[in-house]
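Trainee: Please take one part of this model and look at it closely: the aromatic side chains, and what packs and pairs around them. I would like one connected account.

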Amino acid sequence: MQNLEELYQLVLKRKENPKEGSYTDYLFTKGLDKILKKVGEESTEVIVAAKNPNKSELVYETADLLYHLMVLLVEQGVAFDEIKEELAKREGLMSKTKDRREIQDL
């Protein structure tokens with residue numbers, strides 16, 4: 001089973017050592033606009049899948065979106081650790097909205 005950090009590392013290795021003919025290499029070769037287009041498409045597909053009763057479709061489309069997000073992060077030079085650090089900063093916070101208070105006990 002692959003976790004998100006392993007996926008990120010795999011995508012990073014593929015950028016550093018391209019495998020000609022691979023889909024990952026294709027995305028990096030096409031560049032940022034293609035990667036952004038795929039992230040947008042996959043985001044929409046996740047939304048549509050979430051509205052449908054078939055859970056397996058949502059799982060499939062979410063995996064696609066996560067993969068394409070990892071490609072985008074690598075393309076933009078954003079380390080996965082930066083994302084984890086940002087998430088850690090948010091732990092215990094519901095929102096920056098003034099109507100919501102900070103959660104004290106998680």
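**Aromatic cluster, core and surface**

Mentor: Y23, Y26 and Y67 form a cluster joined by ring pairs. The model is a predicted one, and it contains 3 aromatic pairs. A pair of aromatic rings is described by the distance of the centres and the angle of the planes.

Y67 leads from the cluster to the interior. The largest nonpolar core has 16 residues, and Y67 is among those that touch the most other members, together with Y8, V11, F28, I35, M70 and V71. Helices α1 (4-16), α2 (23-30), α3 (32-51) and α4 each give two or more residues to this core. The largest share comes from α4, which provides 7 residues.

F28 shows what the packing is like around one of these core residues. Leaving aside residues up to four places away in sequence, F28 contacts V11, K15, I35, V71, V74 and E75. Of these partners, V11, I35 and V71 are also listed among the core members with the most contacts.

M70 connects the core to the surface. It belongs to the same group of core residues with the most contacts, and L4 touches it, along with L66 and F80, when residues up to four places away in sequence are not counted. The contact between L4 and F80 spans much of the chain numbering: the two are 76 residues apart in sequence, while their C-alpha atoms lie 8.6 Å apart.

L4 sits in helix α1 and L69 in helix α4, residues 55-76. With L66 they make up a nonpolar surface patch of about 190 Å² of accessible area in total. L4 counts as partly exposed because its relative accessibility is 35%. L69 falls in that class as well because its value is 31%. A residue must have over 30% relative accessible area to enter a patch, so the 31% of L69 passes this cut-off.

The charged side chains complete the picture. Side chains of opposite charge can pair when their charged atoms come close. The model has 7 salt bridges. One of them joins K38 to E42, with the closest N and O atoms 3.6 Å apart. These two residues are about one helical turn apart because they are 4 residues apart in helix α3. Both K38 and E42 are buried.

Two further bridges lie in helix α5. D81 and K84 meet at 3.3 Å, N to O, and they are separated by about one helical turn because they are 3 residues apart in α5, residues 80-90. D81 is partly exposed because its relative accessible area is 39%, and K84 is partly exposed because its relative accessibility is 34%. Both D81 and K84 also belong to a salt-bridge network that includes E5. The other bridge brings together R90 and E86, at 3.1 Å from N to O. R90 and E86 are 4 residues apart in α5, about one turn of the helix. E86 is partly exposed, because its relative accessible area is 32%.

In short, Y67 takes part in both the ring cluster and the largest nonpolar core. M70, in that core, is touched by L4, and L4 is part of the surface patch. The bridge between K38 and E42 has two buried ends.

Definitions and conventions:
Residues are numbered from 1 along each chain as its sequence is written. This is a predicted model: local features need pLDDT of at least 70, side-chain atom pairs count only at pLDDT 80 or more; totals for chains, interfaces and linings use all residues. Side-chain values use heavy atoms; hydrogens and water are left out. Patches are made of residues with over 30% relative accessible area and no salt bridge: like charges are joined within 9 Å, nonpolar side chains (Val, Leu, Ile, Met, Phe, Trp, Tyr) within 5 Å. Accessible areas come from the Shrake-Rupley method with a 1.4 Å probe; for residues, only the protein chains shown count as cover. A salt bridge is a side-chain nitrogen of Lys or Arg within 4 Å of a carboxyl oxygen of Asp or Glu. Buried means under 20% relative accessible area, exposed over 50%, partly exposed in between (1.4 Å probe, protein chains only). Rings of Phe, Tyr and Trp (its six-membered ring) pair if their centres lie within 6.5 Å; planes under 30 degrees apart count as stacked, over 60 as edge-to-face and the rest as tilted. A nonpolar core is a set of buried Ala, Val, Leu, Ile, Met, Phe, Trp, Tyr and Cys residues joined through side-chain atoms within 4.5 Å. Contact means heavy atoms within 4.5 Å.
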